[in-house]
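This report sets out the secondary structure, sheet architecture and helix packing of the protein shown below. Individual residues are discussed where they help to place the elements.

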Amino acid sequence: MRRTVLLLTAAILAITPAAAQRLRYLNPQDVAEAQRDHAELVRELGGAETGPRAAYVESVGRRVGSFSGVANPGHALHFTTLDSAVENAFSVPGGYVYVTRQLLGLMDDESQLAFALGHEVGHIAADHAHIREQYAQRNTLGVFGQIVGAIFGQGIGNVLQARSALDVLSFSREQEYEADTLGLRYMIAAGYDPAGASGILAALSRNTALQSRVQGRTNRRTPEWASTHPLSENRMQQAFAEARATGRLGKGIRNRDVFLGELEGLYVDDDPAQGVIEGPTFTHPDLRIQFSVPQGYLMSNGTDAVTISGSAGKAQFRGGRFDGSLDNAVLLAFRQLTRGEFNFPVPPPRHLTVNGMPTAITTARVNTDSGVIDASVAAYQWDPQRVYYFVMLAPGGYGTAPFTPMINSLRRISATEAAAIRPRVIHIETVRPGDTVVSLSNRMAYRDFKLDRFLSLNGLAPNSTLAPGQRVKLVVYGTRRG
């Protein structure tokens, strides 16, 4: 029954003039909060892309947003492309929509971008965040929750609320379906082929399946889209059925060539300026830092920190300029870990040398409502002006044992090693006679799963035959940005 209702709704929405919608005025408090948090949120999530590609994404967003029913959309809605290596898009109630460069790389044409942006505008127009906020306010965090929140980088200062809001944006399945339907309506009204809806959902599903196969070797966490935007075969089928019910499937704007032209040179995966993850190893060529995580642990690279998680514990690596002693650096790390509210004893650190660096390590036992945990800090005197450190959480009694190999692995890399690290970028290749999926996949800038990655990126099957003149996406090594 629900399926039929939704199909009828989609058909009705597709033919309802945009002008007939009731205008939705954004809450001034939401707008003020979004404006206040925007710069810090962007910084926390990798920074914003600028230039022609960002302007192009914004133009598509404004095109679909103009049919959303949001009052004065040209002023109220804002679209930002994030320089982030995770596949994600999200919005906040104050009218700000964000899409990552990594998600752009999965898309195949402009209609898919239009749907992704329209979907996020749909969340704003339907006020989904405030509905979910009521749920979030019922969740209370004790010391354990504060520690886990801090270790996962859920922000400092104003951005704490914004990052927490992103966690809340794990919308219900019903809200995802509604945002899909709204996104379809907006993109159709804007003249796009509604096939873009099921197209991007299929691309995300392929990529999620690929990442779950390879993440044991890449040691990279599952893409954020998989957690904040629940995917299912039913959701993709429903998007396709709703698009077909409009009678406009296969009709409208796709702009594939224009879109692929915008992808040329797009960074994928990590930006070397923020460090790169290769298998179990994290390397920052500019800071000349390298460490490796234990087997079975996954990493997530952020602007200011690397988050590490595994079955036996969680950790975070960060640091920078610090003028005090190593012991003071350890205490500061505990304060940051608990957001300045720790009230448990911290034993004096033991001092040792790791790969030539003075190091201080200690573990504090923390009693929480969820049981006893061990919170540990290992701080390194990188040079007279800089200290880097790991903050680690493990079940009570484990101490630093789950992380000992990681603690001992931190080292300086040589200038030659640093120079060898290059970014991966999208290259649009025109198929030539004799090219096959195998021959082209061999050019992918990865050590393993080359064919799987190529097929997933281009929505192809292993037995697909390529035609001369066809354009496909490759991931190759590029040149670092100045």
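## Helix α15 and the seven-stranded sheet

In this predicted model, helix α15 (residues 326-337) lies across four strands, namely β11, β12 (357-368), β13 and β14. The helix runs at about 135° to β13.

These strands belong to an open sheet of seven strands, in the order β8-β9-β10-β14-β13-β12-β11, with antiparallel pairing. Its edges are formed by β8 (298-301) and β11 (350-354), each of which pairs on one side only. On average, and with direction ignored, neighbouring strands of the sheet are turned by 20° against each other. Within the sheet, β13 (residues 371-383) and β14 (residues 386-395) are joined in the antiparallel sense over ten bridges. Tyr380 has Tyr388 of β14 opposite to it.

## The three-stranded sheet and its helices

A further open sheet comprises three strands in the order β4-β16-β17, again described by antiparallel pairing. Here β4 (267-268) and β17 (471-477) are the edge strands, and each pairs on one side only. The antiparallel strands β16 and β17 are connected by seven bridges, and His427 stands opposite Leu474 in β17. Helix α14 packs on this sheet, where it touches β16 and β17, and its direction makes about 5° with that of β17.

Helix α19 (residues 450-458) also lies across β16 and β17. Its direction is at about 135° to β17.

## The surroundings of Pro423

Pro423 is located in the loop that links α17 (415-419) to β16 (424-430). Is this residue buried or exposed? Its relative accessibility is 1%, and because buried means under 20%, Pro423 counts as buried.

Leaving aside residues up to four places away in sequence, Pro423 touches Tyr267, Pro272, Val476, Tyr477, Gly478, Thr479 and Arg480. Its C-alpha atom is separated by 8.6 Å from that of Val276, a residue 147 positions away along the chain.

## Packing of helix α3

Helix α3 (residues 52-65) packs with helix α14 (residues 256-263) at an angle of about 140°, and the two axes are 9 Å apart. The two helices are therefore oblique to each other. The crossing of α3 past α14 is left-handed. On the α3 side the contact involves Pro52, Arg53 and Tyr56, which meet Val258, Phe259, Glu262 and Leu263 in α14. By class, this contact has five nonpolar, no polar and two charged residues.

Helix α3 also packs with helix α6 (residues 110-125), at an angle of about 65° and with the axes 9 Å apart. In this case the crossing is right-handed. The contact is made by Tyr56, Val57, Val60, Gly61 and Val64 of α3, together with Glu110, Leu113, Ala114, Leu117 and Gly118 of α6. The residues of this contact divide into seven nonpolar, two polar and one charged. Tyr56 thus has a place in the contact with α14 and in the contact with α6.

## Strand β3 and its partners

To what extent is strand β3 (residues 96-100) enclosed by the rest of the structure? Five of its five residues are buried, so the strand is largely enclosed. In a regular strand the side chains alternate between the two faces of the sheet. In β3, Tyr96, Tyr98 and Thr100 point one way, whereas Val97 and Val99 point the other way, and all are buried.

Strand β1 (residues 78-82) pairs with β3 in the parallel sense over five bridges, and Thr81 has Val99 of β3 as its bridge partner. Strand β2 (residues 89-92) runs antiparallel to β3, to which it is joined by four bridges. Phe90 stands opposite Tyr98 in β3. The hairpin of β2 and β3 has three residues between the strands, and Gly95 in this hairpin takes a positive phi near 100°.

## The chain as a whole

The protein chain contains 19 helices and 17 strands. Of its 482 residues, 53% count as buried. Among contacts with a separation of 6 or more, 68% are accounted for by residues 24 or more positions apart.

Notes: Residues numbered from 1 in each chain as written. Predicted model: local features only at pLDDT ≥ 70, side-chain atom pairs only at ≥ 80, totals over all residues. Heavy atoms only, no water. Buried < 20%, exposed > 50% of the residue type's maximum accessible area, 1.4 Å probe, protein only. Contact = heavy atoms within 4.5 Å. Pairing = 2+ DSSP bridges. Axes fitted to C-alpha atoms, helices over the stretch in contact; angles between N-to-C directions. Parallel < 35°, antiparallel > 145°, perpendicular 65-115°, else oblique. Left-handed = near helix turned anticlockwise from the far one by under 90°. Nonpolar A, V, L, I, M, F, W, Y, C, P; charged D, E, K, R; others polar.
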